[in-house]
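Dear colleague,

I am passing on to you the structure we spoke about, together with a short account of what was found in it. Please look through it at your own pace and read the notes below alongside it.

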Amino acid sequence: MAPALTQDDWELLRSTAVEAMGQAYAPYSNFPVGVAGLADDGRLLSGCNVENASYAVGLCAECGLVSDLVRTGGGRLVAVWCVDSRGETLMPCGRCRQLLWEHGGEQCRIQTPEGERSLAEILPQAFGADDLTKGAR
Ligand code: THU
């Protein structure tokens with residue numbers, strides 16, 4: 001199991017998420033979001049939401065985070081922190097919990113307004129690649 005994150009690791013994630021939030025393109029919702037993640041090889045990744053005049057195709061900040069992870073070499077997310085415009089901790093939407101699950105899995109740590117949790121705690125009984133293997137015809 002990966003070693004627990006230090007206070008400094010978490011602080012870096014928070015400040016990186018706030019910085020990413022500052023780059024958000026959110027003219028329609030006026031709700032900028034930033035997220036930062038730590039990969040299992042120590043890479044620091046981030047993303048912001050990018051909206052669209054065709055509202056439904058807007059991208060959540062977590063989409064950018066996962067894209068950054070894959071683009072820079074892949075690996076697994078071990079910790080994530082998502083923030084709103086005030087820099088307050090924001091819970092990922094349901095779809096984005098699924099995105100994080102794919103690339104972090106149950107062990108990945110995440111900050112919530114109630115403190116640090118695992119992805120398994122915020123997405124219980126998650127659907128994942130294992131289910132595809134088990135249930136394939
Ligand atoms: N948003 C995110 O970027 N991540 C989330 O987990 C929740 C919602 C964005 C989508 C949209 O641009 C704005 O917040 C308002 O919903």
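In this model, which is predicted, five strands make up an open sheet of mixed pairing, and their order across it is E2-E1-E3-E4-E5. At its edges are strand E2 (44–48) and strand E5 (115–118), each of which pairs on one side only, and neighbouring strands of the sheet are turned against each other by 25 degrees on average, if direction is ignored.

At the E5 edge, strand E4 (residues 109–112) pairs with E5 in the antiparallel sense over four bridges, and within this part of the sheet Thr112 stands opposite Gly115 in E5.

Two helices should be viewed together with the sheet. Helix H1 (residues 7–21) lies across strand E1 (34–39), E2, strand E3 (77–83), E4 and E5, and runs at about 50 degrees to E3, while H2 lies across E1, E2 and E3, running at about 145 degrees to E2.

One residue of the second helix may be worth finding in the view: Asp68, which has its place in helix H2 (residues 61–71). With a relative accessible area of 14%, Asp68 counts as buried, because that value falls under the cut-off of 20%. The side chain of Asp68 is joined to that of Arg71 by a polar contact of 2.7 Å, and, if its neighbours within four places in sequence are left aside, Asp68 is in contact with Leu45 and Ser46.

With kind regards

Definitions and conventions. Residues are numbered from 1 along each chain as its sequence is written. This is a predicted model: local features need pLDDT of at least 70, side-chain atom pairs count only at pLDDT 80 or more; totals for chains, interfaces and linings use all residues. Side-chain values use heavy atoms; hydrogens and water are left out. Buried means under 20% relative accessible area, exposed over 50%, partly exposed in between (1.4 Å probe, protein chains only). A polar contact is a pair of N or O atoms within 3.5 Å; within protein, one must be able to donate a hydrogen and the other to accept it, and residues adjacent in sequence count only if both atoms are side-chain atoms. Contact means heavy atoms within 4.5 Å. Two strands pair if DSSP finds at least two bridges between them. Axes are lines fitted to C-alpha atoms, for helices over the stretch in contact, and angles run from 0 to 180 degrees between N-to-C directions.
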